[in-house]
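Please open the structure in your viewer and keep the sequence panel visible beside it, since this tour moves from one selection to the next.

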Amino acid sequence: MNVEQIYKDADALLEGHFLLASGNHSARYLQSAKVLEYPETAAKLADALADMIREAGVEVDTVCAPALGGVLAGYELARSLGVRSIFVEKKEGGMELRRGFEVKPGEKIIICEDIITTGGSAVKAAKAIEALGANIVAFASLANRGFCKRVGGENEAKPECKLPTDVPLFSLADFTFEMYAPEECPMCKEGSTAIKPGSKG
Ligand code: ZN
């Protein structure tokens, strides 16, 4: 399965001149919600991710996603694994389970995102779940931005990665983009202006 081509076909892998949340500039941007626009594509990606998790022999009771970004990917992964799906939501400084969702002590949980960048939200979700006595058996994401090391991937974890090193990360592909500080950006030097893809109309 060519994951990068699937993202391109869904207009989820953009090419241009982008201002990233970090303040850096890049010629590529992953608009990862776009790849989940068509449920058939989302299911195909989640099935491949579920296969990786099964093949690794990881036992899972529940998939938990950090809202909002991870919810669709988490739901599809849970469907494919045949387990239940829950999500945590932002509160000041962290995340929490709401809406009557519960986890049991010792329950085996995968934290699932659409995309893992440095893993900040995934770690907050994991902390909220662990505080309730459940166990985080793995992290999962459809796409990995290349800061964290995924199972079977070639890239080593970068210092920015916030995920714990003793819990595996399952992800379909690494999307490692070259990033530039604005003053060193070759596209800025050519006179173009970086756009913020998240807020594009
Ligand atoms: Zn630039």
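What follows is a walk through a predicted model, with a few selections to make at each stop.

**The disulfide**

Begin by selecting Cys148 and Cys161, which form a disulfide with their sulfur atoms 2.1 Å apart; the structure holds 1 disulfide. Looking along the S-S bond, you will find an angle of 105 degrees about it, and the link of Cys148 and Cys161 is right-handed. The pair links distant parts of the chain, although Cys148 and Cys161 both sit in the loop between strand E7 (135–144) and strand E8 (169–174), 13 residues apart. If you now add a surface, Cys148 counts as buried because its relative accessibility is 1%, and Cys161, at 18% relative accessibility, counts as buried because the cut-off for that term is under 20%.

**Two cysteines without a partner**

Next, select Cys64 and Cys112, and ask how far the sulfur of Cys112 is from the closest cysteine sulfur. The closest cysteine sulfur to that of Cys112 is in Cys64, at 9.8 Å, which is too far for a bond. Seen from the other side, Cys64 is in no disulfide, and the nearest cysteine sulfur to it is that of Cys112. Cys64 is buried, with a relative accessible area of 0%, and Cys112 likewise counts as buried at 0% relative accessibility.

**A patch of positive charge**

Turn now to the surface and select Lys90, Lys124, Lys127 and Lys162, which gather there in a patch of positive charge. To place one member of this group, colour strand E4 (residues 84–91), in which Lys90 lies. Is Lys90 buried or exposed? With a relative accessibility of 60%, Lys90 counts as exposed, because the term applies to values over 50%.

**A loop glycine**

For the last stop, select Gly57, which is found in the loop between helix H2 (39–55) and strand E3 (62–66). Gly57 counts as exposed, its relative accessibility being 56%. From Gly57, draw a distance between its C-alpha atom and that of Arg150: the two residues are 93 residues apart along the chain, and these atoms are separated by 16 Å.

To finish, you may wish to show the stops together: the disulfide of Cys148 and Cys161, the buried Cys64 and Cys112, the surface patch that includes Lys90, and the exposed Gly57.

Terms used:
Residues are numbered from 1 along each chain as its sequence is written. This is a predicted model: local features need pLDDT of at least 70, side-chain atom pairs count only at pLDDT 80 or more; totals for chains, interfaces and linings use all residues. Side-chain values use heavy atoms; hydrogens and water are left out. Patches are made of residues with over 30% relative accessible area and no salt bridge: like charges are joined within 9 Å, nonpolar side chains (Val, Leu, Ile, Met, Phe, Trp, Tyr) within 5 Å. Accessible areas come from the Shrake-Rupley method with a 1.4 Å probe; for residues, only the protein chains shown count as cover. A salt bridge is a side-chain nitrogen of Lys or Arg within 4 Å of a carboxyl oxygen of Asp or Glu. Lys and Arg count as positive and Asp and Glu as negative; His and the chain ends are not counted. The place of a charge is taken as NZ of Lys, CZ of Arg, CG of Asp or CD of Glu. Helices (H or I, at least four residues) and strands (E, at least two) are DSSP runs, numbered from the N terminus. Buried means under 20% relative accessible area, exposed over 50%, partly exposed in between (1.4 Å probe, protein chains only). A disulfide is a pair of cysteine sulfur atoms within 2.5 Å.
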